[in-house]
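Visitor: Could you walk me through this structure, one question at a time?
Guide: Gladly; let us look at it together.

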Amino acid sequence: MGPLLKDLYNIEYVELLSKNISQQYPNFKSTLFQKEIFNSHYKDYALKERMHHIAYILGKYLPKEFSTAIDILKLIFTNMNHTYGLENMIFQDFVEIYGLDFFDISMSALEVFTVNSSSEFAIRQFILKYEDKTMSQLLLWATHDNEHIRRLASEGCRSRLPWAIALPVFKNNPTPVIKILALLKDDSSAYVRKSVANNLNDISKDKPELVKKLTKEWIGFSKDRDALLKHGCRSLLKASDSEILALFGFTKPTDISLKNFSHTRSVKMQEELEFSFDIVSPNKLGKLRIEFIIGFLRKNDKHNKKVFKIAEGTYTQRNKKFSKTYSFRLISTRVYYKGEQMLSILINGVVFKEVPFTLV
């Protein structure tokens, strides 16, 4: 196992942080600060727990006046910004903990702290408390010269941002978010466009018809925008939504067939399911999206389906062979149960084959 993300917040980082603070704020009690950071529970803290813990303790040793503390942290962040990224999210966390009552100062700070890092978690508390004011700020940031700040405009208001508190108000009504995405959909930065796509994908899980409507309106203007839209519709594509599949050229197949299918009938835990097949047509195969579904047996004896891509492209030949494997090695994000599982093959959203196999 490689190094854990939480171990980015190690002794070396905290010592460097203390040194930088002491240079800007001579009254900083570095030894006491470090001792309080590395308490008896620290080794058990997860990544965000360590981040929050350091930011909280930091507030006990900086000046009590928020604006003064922020001025110190801005100088430190600038000094450390070229070396550290994820670790420096303690600065944004400090704003989230201590700055909710100081909107303007906090917005200025988060703008600084998001560069080469990200203020996407901290800004959400301000959306919850000051929705209109914060969304107005995000609209301004969407036109900023810096790509990191423009990305924050999109990433910060995602309704389902991973590892972050959800924004139910935008699950129900994403209209304020759409205004920001409209400004950023043709952004020159791939970093920003990826965030816009992820935001659209979040919206599609609650308001699929809205995302389909936007896709119809926005598609066909440039390759970059079309790629953004396709990534933003990935959940709808995985769900075999016929409208979305057709918008991206994956029409219902009418003259192809699946031949020579074979698969492992019994798979041992920690080993691989193997399967292969030919796709055949009297004409050119055309534009195809080829996927497989595994219906994983759950503890309640029902099956939970997960979709995986095999291949995608425009095929000029009339016959093409495909082969794929799926590993049943143990992973932390999925629990496997012995018994009958299901394997399905989809072509442009249509199931062409469905067979059982046994996990033993």
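**Charges over rings**

Guide: A good place to begin is Lys133, which lies over the face of Tyr130 at 5.2 Å from the ring centre. Please keep in mind that this is a predicted model.

Visitor: At what distance from the ring centre does Lys320 lie over the face of Phe322?
Guide: To sit over a ring, NZ of a Lys must be within 6 Å of the ring centre and within 35 degrees of the ring normal. Lys320 lies over the face of Phe322, and its distance from the ring centre is 5.6 Å.

**Ring pairs**

Visitor: How many aromatic pairs does a search of the whole structure find?
Guide: Rings pair if their centres lie within 6.5 Å. With that cut-off, the search of the whole structure gives a total of 27.

Visitor: Why is the pair of Tyr56 and Tyr98 stacked?
Guide: A pair of aromatic rings is described by the distance of the centres and the angle of the planes. For Tyr56 and Tyr98 the centres are 6.4 Å apart. Planes under 30 degrees apart count as stacked, so this pair is stacked because its planes are at 10°.

Visitor: How many residues apart in sequence are the parts that this pair ties together?
Guide: Tyr56 belongs to helix α3 (residues 47–61), while Tyr98 belongs to helix α5 (residues 89–98). The pair therefore ties together parts whose separation in sequence is 42 residues.

Visitor: Is Tyr98 buried or partly exposed?
Guide: Buried means under 20% relative accessible area, and exposed means over 50%. Tyr56, its partner, has 42% and is partly exposed. Tyr98 has a relative accessibility of 26%, so it counts as partly exposed.

Visitor: Which residues do ring pairs link into a cluster?
Guide: Here the ring pairs join up into a group rather than being listed one by one. The members of this cluster are Phe275, Phe292, Phe296, Phe308, Tyr326, Phe328, Tyr336 and Phe357.

**Around Val307**

Visitor: Is Val307 buried or exposed?
Guide: Val307 is found in strand β5, residues 303–315. Its relative accessible area is 17%, and the cut-off for buried is under 20%. Val307 is therefore buried.

Visitor: Which residues is Val307 in contact with, leaving aside its neighbours within four places in sequence?
Guide: Contact requires heavy atoms within 4.5 Å. Glu120 is 187 residues away along the chain, and its C-alpha atom is separated from that of Val307 by 29 Å. The contacts of Val307 beyond those neighbours are Lys238, Glu291, Phe292 and Ile293.

**Positive phi values**

Visitor: What is the phi of Asn116?
Guide: Most residues other than glycine have a negative phi. Asn116 is found in the loop between α6 (103–113) and α7 (122–129), and it is partly exposed, at 37%. This residue is not a glycine, yet its phi is positive, near 65°.

Visitor: Where is Gln270 found?
Guide: Gln270 also is not a glycine and has a positive phi, of about 85°. At 48% relative accessibility it counts as partly exposed. Its place is the loop between β2 (266–267) and β3 (272–280).

**The whole chain**

Visitor: What percentage of the residues of the protein chain count as buried?
Guide: The secondary structure comes to 16 helices and eight strands, and the C-alpha trace spans about 80 × 50 × 35 Å along its principal axes. The protein chain has 360 residues, and the share that counts as buried is 47%.

Definitions and conventions. Residues are numbered from 1 along each chain as its sequence is written. This is a predicted model: local features need pLDDT of at least 70, side-chain atom pairs count only at pLDDT 80 or more; totals for chains, interfaces and linings use all residues. Side-chain values use heavy atoms; hydrogens and water are left out. Helices (H or I, at least four residues) and strands (E, at least two) are DSSP runs, numbered from the N terminus. Buried means under 20% relative accessible area, exposed over 50%, partly exposed in between (1.4 Å probe, protein chains only). Rings of Phe, Tyr and Trp (its six-membered ring) pair if their centres lie within 6.5 Å; planes under 30 degrees apart count as stacked, over 60 as edge-to-face and the rest as tilted.
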